[in-house]
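These are review notes for a colleague who is new to reading protein models. Please go through the numbered points with the structure open beside the text.

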Amino acid sequence: MENENENLEKKEEYHVQAKGFLQSTKVFVNDLLDIRTDSDRESTLEAVRKDISFKGHNAWILIFSIFVASIGLNVSSTAVVIGAMLISPLMGPIVGVGMSVAINDVDTLRKSLKNLGIMVVLSVLTAFVYFKISPVTEITPELEARTYPTILDVLVAIFGGLALIVGKSKKGTIASVILGVAIATALMPPLCTVGFGLANSQWQNAGGAFYLFSINAVFIALSTFAVTKLLGFPLVRYANSKRRRRTAQVASAVAVIVMIPSIILFINLLNKTLFETKAKDFVSNDIRYLGAEVLKQEADFDDKTIDIYLIGKRVPEATVATWRARLTEIEALKESKLIVHQSAEESGNLDELSTQVRSGILEDLYLKNQEVIENKDSRIRLLEDRINSYRTSLFDFNSLSKEAQANYEEIENLGYSNQIITDFKNTDTIPTFSITWKNNVSSREKEENRQKFENWLNVRLALDTLTVKSVN
């Protein structure tokens, strides 16, 4: 009986200790992650409403920052684009939209939407003017990167928007957060790309860029809406309770209307990214046949097709059938179709492929070979620099010059350098010494002493190749 009582007491003690540990952990986590205590709701509302305003200084700042961003995109300079994003005032109205919907503030919502519309039109118009007069009309990598949203853009907009409103709501706004979000979410470059597309009649690029801007703006606003609700910002009160209720209903309807397409878009982008990743892995891991090689691959999420272009030995249909069977076993690719492009003959040439596909394949091969050549050239230059550094470090020139002065009184000046010599087949770096002789030394003595000096250097430095030249 006593043992049972002891066991019960121990169990109760363990239960109390476990409960205390869980309670302590809960308190620790709450203290670590709680943002309600240090949030300044009134100052945040005031700051957000202040940033919504768009006139005077803000208008000119936006115009100048758009010009800077357009120049950066036009010359594909990431640093210039980042600098433009730091000075752009585009973020204010977007945050104002999310917050005003959350607190049922119709006046602020109307003002935010109005200013956002003006900002977008002014930004696109400014970029259009720049790209219309710019002599560079080719699309650069920086511009091309802003022509269509990816799942990463959505995730950056979501978490960037969350970081922005949390940073704004803290007592003493964290400026570094606001600047960082301005760079990460990249609202300005897509609008510049819209202007580029309109100026050069590239309607698809313009539409894709505006699509990217819309995605970023919507998810920043949604993040602001969510955090504002979480922090319990007070709703705007109206004297007419009926108007307040109607306003709340309108605001909720707007939030739902914006949220549903955004969620659908997010899911579609996620599925597209998953499809393209799985297709790439499938081609890398499963498309293998001895004597044949994959030159190019294309995955089309909309048509659910995976095109592969083969060169070399012709792959039998039985092998292709096994590839297609394997494709149906992958969940993300089971509804897709594998299309194999290969020549009808064993020679495996590209004659049967379309001109566009052939040019694309040849371009890929050229770029790959160019990269290999550039890498080899870089390695050669690195090795040459190391050889030069090694040769230079073989001796102390100051010490050597003192020895030369003691042994050869006829020398006036002594110089040293590494001379690069080529016969257009091979390139070599040769240590070269130059001697200026005193005026009283005859030509015959100069040549004899030069030869002796060269022999002495060969022994002194243990070098198999070096050159000694007389300057005078």
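1. Glycine 117 counts as partly exposed, because its relative accessibility is 32%, and partly exposed covers values from 20% to 50%. This glycine sits in helix α6, which covers residues 106-133. Its C-alpha is 9.2 Å from that of proline 93, although 24 residues separate glycine 117 and proline 93 in sequence. The model is a predicted one, and this applies to every point below.

2. Valine 75 makes a useful second case. Is it buried or exposed? Valine 75 has a relative accessible area of 55% and is therefore exposed, since the cut-off for exposed is over 50%. The residue belongs to the loop that joins α3 (57-74) to α4 (78-87). From valine 75 to glutamate 142 the C-alpha distance is 8.4 Å, while the two are 67 residues apart along the sequence.

3. For the chain as a whole, 16 helices and six strands are found. Of the 472 residues, 36% are buried. The accessible surface amounts to about 28200 Å², and carbon and sulfur atoms account for 57% of this area. Taking contacts between residues at least 6 apart in sequence, 72% of them link residues at least 24 apart.

4. Three strands form an open sheet in the order β1-β2-β3, and the pairing is mixed. The edge strands, each paired on one side only, are β1 (292-300) and β3 (337-341). From one strand to the next, the twist has an average of 20°. As background, strands in a sheet are paired by backbone hydrogen bonds, and the sense can be parallel or antiparallel.

5. The word "mixed" can be checked pair by pair. β1 runs antiparallel to β2 (residues 305-312), with eight bridges between them. The pairing of β2 with β3 is parallel and has five bridges. Tyrosine 309 is a good residue to find on screen: lysine 296 is opposite this tyrosine of β2, and histidine 341 in β3 is a bridge partner of tyrosine 309.

6. Why is β2 described as largely enclosed by the rest of the structure? Six of its eight residues are buried, so the description follows from that count. Buried here means a relative accessible area under 20%. A helix also packs on the sheet: α13 (residues 317-327) touches β2 and β3, and its direction is at about 150° to that of β3.

7. Two residues deserve a look at their backbone angles. In general, most residues other than glycine have a negative phi. Lysine 304 is not a glycine, yet its phi is positive, at about 55°. Lysine 304 lies in the loop between β1 and β2, and the hairpin made by these strands has four residues between them. With a relative accessibility of 26%, lysine 304 is partly exposed.

8. Serine 201 is another non-glycine residue with a positive phi, of about 60°. Its position is in the loop from α10 (188-199) to α11 (203-230). A relative accessible area of 47% makes serine 201 partly exposed.

9. How many cavities of 30 Å³ or more does the model have? The count is one, and the largest cavity holds about 30 Å³ of space. Its lining is made up of Leu45, Val48, Arg49, Met99, Ser100, Ile103 and Thr108. The elements that contribute two or more residues to this lining are α2 (41-52) and α5 (91-102). α2 has the largest share, with three residues.

10. To review the sheet, begin at β2, which pairs with β1 in the antiparallel sense and with β3 in the parallel sense. Then find tyrosine 309, with lysine 296 opposite and histidine 341 as its bridge partner in β3. For accessibility, set valine 75, which is exposed, beside glycine 117, which is partly exposed.

Notes. Residues are numbered from 1 along each chain as its sequence is written. This is a predicted model: local features need pLDDT of at least 70, side-chain atom pairs count only at pLDDT 80 or more; totals for chains, interfaces and linings use all residues. Side-chain values use heavy atoms; hydrogens and water are left out. Buried means under 20% relative accessible area, exposed over 50%, partly exposed in between (1.4 Å probe, protein chains only). Contact means heavy atoms within 4.5 Å. Accessible areas come from the Shrake-Rupley method with a 1.4 Å probe; for residues, only the protein chains shown count as cover. Two strands pair if DSSP finds at least two bridges between them. Axes are lines fitted to C-alpha atoms, for helices over the stretch in contact, and angles run from 0 to 180 degrees between N-to-C directions. On a 1 Å grid over the protein atoms alone, a cavity is a set of points where a 1.4 Å probe fits but cannot get out, and a pocket is an open set with protein on both sides within 12 Å along at least five of seven lines; lining residues have an atom within 4 Å of a point. Grid points are joined across faces, edges and corners, and a volume is the space filled by probe spheres set on the points.
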